[in-house]
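Visitor: I should like to go through this model and learn how each description of it is justified. Please show it before we begin.

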Amino acid sequence: MATSSFSRGCFVFKPSAKKKKMTVGPERYFTHGSEGSESSEVRFKICLDLWNKVKMETEALQDELNRNILDSLLEFTRKCSSTRDHSDWASQMRASEIPTAALVLGVNIPDHDMTFQSLSDLLRHSVTPHVASLQAKECGALKHLMKRVLERLMGAVVAVGDEEEEELQQTDPELQKSVHCSLTALCDWYISKTKKSSCSAPGKKRSSSVVDGQHQQPPVVIIFKDLEAFNSRVLQDFILICSRYIRRLPLMFIFGIATSPSTIQHMLPNSVSSLLCIELFQSLSCTQHLTTVIDKLILTSSFPFKLSGKVMQVLVSIFLYHDFSVRNFIKGFQLALLEHFHSQPLSSLCCRKNEAQLNVQQLGPADLERIRQLPSFKRYLKEQEEQDNLMTDDSHLKDVCQKLIKGLHKYHKNYYPILRCLHCLTSSLPRYPLGKQIRELHLICLEKNVWESEDYQSAMKLLKMLAKGELISLLQTCAEVLQPVRSKKMKNALVQLEELLAKLKLLDVAVVGPAAAEVAPSVEENLTVRNLQKKTDLFQLQKMLLEMNESRRSKRMSSFEILRNEAVEFVDSLVKNHLSPPESKPLYEVCYYTSSATVRRHLNATPRTSIQAALSSPYSYIQNDSLKTEDGTVSNAAPDICIAYKLHLECGRLINLYDWLEAYSTVVSAAEGSNPDSDGLGKVDEVKHARFIRAVSELEFLGFIKATRKKTDHVARLTWGGC
């Protein structure tokens, strides 16, 4: 009789050299669940176009943000290479040290790979072809570190010992000779390479070896991507060995540092660090990078797909409290993009205005019925007199939808310029009443009417106390924001703003006599604003504002105060007209993704919950009809680990292994079709015993149980509560 014992044998299957490339992106995501929808092909095409646009813009943005730091590193590499050829004493002393660039990238580890990849490509293209990148996980010992360096520089198989060399020759008959793992072999290889390049045809251009007419040897650059993770002893030994070959081999190090430059002092003693000529490089902070990404992808009307306030808050929270990774933030944005187009049948309207209006005419009866069921459309319907026509006449509904989609695009076109203007005005105020970053203000505007909040009212009061120079400067910044916007309402707002600026600038004419007294109140208020910018508590701030209100009531307003109030009221009217929440707009659901729980579940996963769900309900993963159960029970045909897990939930803090084994054997015997009245039911044989041991070992590996010293035949339970 065939058994399912795991002890029958062990078989090894070598993976194929040619692996199929896994499809990543909308192609893979739309292979399930989108069949039968009339607009699925249109949705897939729009989603693919937006996906590619996100990818291209983020890559271009990454290159632009890293351009300064990468150019500085390239210049440092060229300078160190040219120093070796100088004959003065200082240059010779420096040439005896290993040039080292300490590149501080920040704690956003997932973003480092893209930066180092760009750096490696630039070095190979413009400075030297000899570049090797190393990670700590593959360099646990000195021999492994040396092997990785030689393999990536020489492109050959490196044998650490004689036994490994014989094994390599037996494995690959075509391999005649492997390279010995030493820097001497690297020096010989480098000399032969440089001789070949110098003996090449004289007519060929050699940009990497000739600079300013002088022949130079291209440096050998070794990049340590995650310096903190390297074994300090291994790193010290490697630097000591390299220092002995610096006269023969133009080595150069680049240290990728996530925390602080002081890490080098903690990892390397003075006797080792003195062998390095270290220069510090600081990359752009991850928060500045995130601000730029949000500005390019989210705070723009050119990108039709939008995130709701809750989804945006989830992505920002994961960034701030988890990994500071801009790359993962972009992945979350792409995930929301895929989920929106996969789950929302009306997302075919989430595109440019002309395409959306064309897609409206192609909507089928099912899609039109979905539009009628949208909450935003129902609210819009209540305000209309022609409700019956919209509910029954499909052609009329399409015409109305075209107008609503056009209005939604106009809303976005006006929303973002006014948002930037409000941020320019309020981000310079003391204590940042509406947030220091524009994303904070954007989140407030997505959730509610921003002008109804107390923080907004406080900001408006503070704006009414600004000095003339500060007010003119802020209004000029707002005018620059509105200048490139192609919208009738924004053009009209720009005209009114420029008129206010012209009136304020006319006040620069000197006033004498009685009119001079009118300016005095503004001077007092300017002093008050300067005091507010100092460290004050909330009580003092409220007290100052109340005193200012009382003093202003008792004094006649000056010409500047009248214009200042007019400017603030003008900004307030723009905010009330254009910064209403998107949920107030009909058909906002076609552009906005609102399922924050889905994004949180995918990006901020809880492994224990997933494991418990799989062990409690294996059918949801295996999709076998024999595993279907009710009331949370587990089928006796379930995998052994699921049965053992279910039985362990019925036990207390300590579990008797023998009782657990007997219960397991009884359940398994029932699954095998044994007679329940027979004496052999639940009898433990060798096969069941082995299967039980395997299931217990797997539960121990997953962290559900552990051995205990209190009782040798018991195990301790470690988890409590369901998933």
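Visitor: Which residues of helix H12 are buried?

Guide: This is a predicted model, and in H12 the buried residues are Cys286, His289, Leu290, Val293, Ile294 and Leu297. They lie on the same side of H12, because they cover an arc of only 135° around the axis. In general, an α-helix has 3.6 residues a turn, so residues three or four places apart point the same way.

Visitor: What do the buried residues of H12 pack against?

Guide: Their partners are helix H2 (40–65), helix H13 (309–323), helix H14 (326–343) and helix H20 (438–447).

Visitor: How do you know that the length of H12 agrees with that of a helix rising 1.5 Å a residue?

Guide: H12 holds 12 residues, 286–297, and the expected span is therefore 16 Å. The end C-alpha atoms of H12 are 16 Å apart, which agrees with that expectation.

Visitor: What is the order of the strands in the open sheet, and how do they pair?

Guide: The sheet has 5 strands in the order E2-E7-E8-E1-E9, with parallel pairing. Strand E2 (131–134) and strand E9 (276–282) are called edge strands because two strands pair only if at least two bridges are found between them, and each of these two pairs on one side only. Direction ignored, neighbouring strands of this sheet are turned by 20° against each other on average.

Visitor: What makes E2 and E7 a pair?

Guide: The requirement is at least two bridges, and E2 and strand E7 (residues 220–224) have 4 bridges in the parallel sense. Within this pairing, serine 133 has isoleucine 223 of E7 as its bridge partner.

Visitor: Which strands does helix H6 touch where it packs on the sheet?

Guide: Helix H6 (residues 142–154) touches E2 and E7, and its direction makes about 140° with that of E2. Helix H9 (residues 232–243) also packs on the sheet, touching strand E1 (98–104), E7, strand E8 (251–257) and E9. The direction of H9 makes about 160° with that of E8.

Visitor: Why is E8 called largely enclosed?

Guide: The description applies because 7 of the 7 residues of E8 are buried. Both faces of E8 are covered: one side carries Leu251, Phe253, Phe255 and Ile257, and the other carries Met252, Ile254 and Gly256, all of them buried.

Visitor: How many bridges join E8 to E1, and how many join E8 to E7?

Guide: E1 and E8 pair over 5 bridges in the parallel sense, and E7 and E8 likewise pair in the parallel sense over 5 bridges. Alanine 102 has phenylalanine 255 of E8 as its bridge partner, while valine 220 stands opposite leucine 251 in E8.

Visitor: How many aromatic pairs does a search of the whole structure find?

Guide: The search finds 17 aromatic pairs. One of them is formed by phenylalanine 253 and phenylalanine 255, with 6.2 Å centre to centre and 25° between the planes.

Visitor: Why is the pair of phenylalanine 253 and phenylalanine 255 called stacked?

Guide: Ring centres must lie within 6.5 Å, and planes under 30 degrees apart count as stacked. The values of 6.2 Å and 25° therefore give a stacked pair. Phenylalanine 253 and phenylalanine 255 are both buried, and they belong to one aromatic cluster with Phe224, Phe230 and Phe238.

Visitor: What makes the pair of tryptophan 660 and phenylalanine 692 edge-to-face?

Guide: The planes of tryptophan 660 and phenylalanine 692 make 85°, and the centres are 5.5 Å apart. An angle over 60 degrees counts as edge-to-face, so the name follows. Tryptophan 660 lies in helix H31 (residues 657–671) and phenylalanine 692 in helix H32 (residues 686–702), so the pair ties together parts that are 32 residues apart in sequence.

Visitor: How do you know that tryptophan 660 and phenylalanine 692 are buried?

Guide: Buried means under 20% relative accessible area. Tryptophan 660 has 2% and phenylalanine 692 has 5%, so both count as buried.

Visitor: Why is asparagine 449 called partly exposed?

Guide: Its relative accessible area is 23%, and values between 20% and 50% count as partly exposed. Asparagine 449 is found in the loop between H20 and helix H21 (454–463). Leaving aside neighbours within four places in sequence, asparagine 449 is in contact with Ser580 and Pro581.

Key. Residues numbered from 1 in each chain as written. Predicted model: local features only at pLDDT ≥ 70, side-chain atom pairs only at ≥ 80, totals over all residues. Heavy atoms only, no water. Expected span 1.5 Å × (residues − 1). Buried < 20%, exposed > 50% of the residue type's maximum accessible area, 1.4 Å probe, protein only. Arc of directions from axis to C-beta. Contact = heavy atoms within 4.5 Å. Axes fitted to C-alpha atoms, helices over the stretch in contact; angles between N-to-C directions. Phe/Tyr/Trp six-rings, centres within 6.5 Å; stacked < 30°, edge-to-face > 60°.
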